[in-house]
Amino acid sequence: MIRSLAFFCASAALAGTLSPTESAVMKTIDAEASRTIQLLETLVNINSGTKNFAGVREVARRMQAEFEPLGFQVRWVPMAAAGRAGHLVAEHTGSKGKRILIIGHMDTVFELSSPFQKFVRTGDRAEGPGVEDTKGGLAVMVAAFRALKSAGALDPMRIRIVLTGDEENPGEPTSVSRADLFDAAAQSDVALEFEPGIRLAGKDYASTSRRGVVEWVLKTRGITGHSGQVGSPAMGDGAIKELTRILSQFASELPEKYLTFNVGLVLGGVSAHFNDTQTGGSASGKTNVIPGEAVAVGDLRMVRDEQTERAEAKMRAIVAKHLPKTGAEITFRGLMPPMSPDRNRALLAMFNA
């Protein structure tokens, strides 16, 4: 993985040969392999679970100490307003070439309460919290920039690095916690995310897209009363039948390539209410009472904006066709925009070469 990232500056490599600069980059990466692994071990042994703010800040300090000697201007962006530790932003203000955005994160899913805490190496294998996702990416990032600096290739480059402290559990609102990424993207020509790829059947794979996330909340209502009257012209079918009708049609009419639809939580009865975080709630009812309320929450995931628009339009149309004496409403909240694979395939072709 470390050697493959030398192609960060690839050009002649596309023709199957290395330029003198690329050869120098490769030489430095090989020579500093032990240093890179030591940096990885240091980072992994700092607990930086998303909610461990002190640990996230310590990783940021270690990365700042790596970036500044290479000519980067580094600043810490506190994220108390979003309930998170903060982000590290580093800028290299060269004068030539594409404006490059480098993305990574400093947090892991392993909080202080986790038993999984330490870097352990056995031969050429290592394990530990974040060793791949994505402290391995941070170590590779430093190795690449040190090699570029040594080869004299870094000085003219225009690079902005954004290392978030809350990738595993984003702060809310995302308009605050992702503002620095939005700003950096608007000022960049190309972005590289230093998350790990995967290896299957002896082949390396890289991601060329990222599915977006839209959360939906569905609420249905009916006329409550004795179950002996369910389905009658006066009482109708009840809230739960209306909810299940809608969910069944969602499942049959929404599927398409790269789009997924999930129902995460359902409540129904005479009354039904989510808690504030929509991770639970309460419902009450009886076997012989027509349910008056039902609620469901779930998500959509997709790779293109037009998939979002198409799915939401279908869902609204399905919701609008009520069973007798029932009603329903659905709301959507975008949590993460999709990143389509189209233009990224060209970048993958360069990487493959």
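In which helix is Pro20 found? In this predicted model, Pro20 belongs to helix α1. The residue counts as exposed, because its relative accessibility is 71%, and exposed means over 50%. Between the C-alpha atoms of Pro20 and Phe351 there is a separation of 19 Å, although these positions lie 331 residues apart in the numbering of the chain.

A look at the whole chain helps to place these details. The chain has nine helices and 15 strands. Its C-alpha atoms fill a box of roughly 85 × 45 × 40 Å along the principal axes. Of its 353 residues, 42% count as buried. Among the contacts with a separation of 6 or more, 72% come from residues 24 or more positions apart.

The interior comes next. In soluble globular proteins, nonpolar side chains tend to be buried together. Here, the largest nonpolar core holds 33 residues, and Phe67, Phe72, Phe145 and Ile161 have the most contacts inside it. Two or more residues of this core come from each of the helices α1 (20–31), α2 (33–44), α3 (53–67) and α4 (135–150), and likewise from each of the strands β2 (86–93), β3 (96–105) and β6 (157–164). Helix α4 gives the most, with seven residues. Phe67 offers a good view of how the core is joined: leaving aside neighbours within four places in sequence, Phe67 is in contact with Phe72, Val74, Leu88, Ala90, Met141, Val142, Phe145, Ile161 and Leu163. Apart from this core lies another, of 21 residues, which include Leu247, Phe250, Leu254 and Ile330.

Two of the helices that contribute to the largest core also meet each other. The axes of α2 and α4 come within 9 Å and cross at roughly 145°, and the crossing is right-handed. On the α2 side the contact is made by Arg35, Thr36, Leu39, Leu40, Leu43 and Val44, and on the α4 side by Lys135, Gly136, Leu138, Ala139, Val142, Ala143 and Arg146. Eight residues of this contact are nonpolar, two are polar and three are charged.

Further along the chain there is an open sheet. Four strands make up this sheet, in the order β11-β14-β10-β15, with antiparallel pairing. Strands β11 (260–269) and β15 (326–336) each have a single partner strand, so one side of each is left without a neighbour in the sheet. On average, neighbouring strands are turned by 15° against each other, direction ignored. Nine bridges link β11 to β14 (residues 293–302) in the antiparallel sense, and Asn262 has Asp299 of β14 as its bridge partner. Helix α7 (residues 239–253) packs on the sheet, where it touches β10 (212–222), β11, β14 and β15, and its direction makes about 150° with that of β10. Helix α8 (residues 305–320) also lies across β10, β11, β14 and β15, and runs at about 165° to β15.

A hairpin completes the picture. Strands β12 and β13 form this hairpin with six residues between them, and Gln278 in the turn has a positive phi of about 55°. Four bridges pair β12 with β13 (residues 281–284) in the antiparallel sense, and Phe274 has Gly281 of β13 as its bridge partner. Along β12 (residues 271–274) the side chains alternate: Ala272 and Phe274 point to one face and are buried, whereas Ser271 and His273 point to the other and are not buried.

Conventions. Residues numbered from 1 in each chain as written. Predicted model: local features only at pLDDT ≥ 70, side-chain atom pairs only at ≥ 80, totals over all residues. Heavy atoms only, no water. Core = buried A, V, L, I, M, F, W, Y, C linked by side-chain atoms within 4.5 Å. Buried < 20%, exposed > 50% of the residue type's maximum accessible area, 1.4 Å probe, protein only. Contact = heavy atoms within 4.5 Å. Axes fitted to C-alpha atoms, helices over the stretch in contact; angles between N-to-C directions. Left-handed = near helix turned anticlockwise from the far one by under 90°. Nonpolar A, V, L, I, M, F, W, Y, C, P; charged D, E, K, R; others polar. Pairing = 2+ DSSP bridges.
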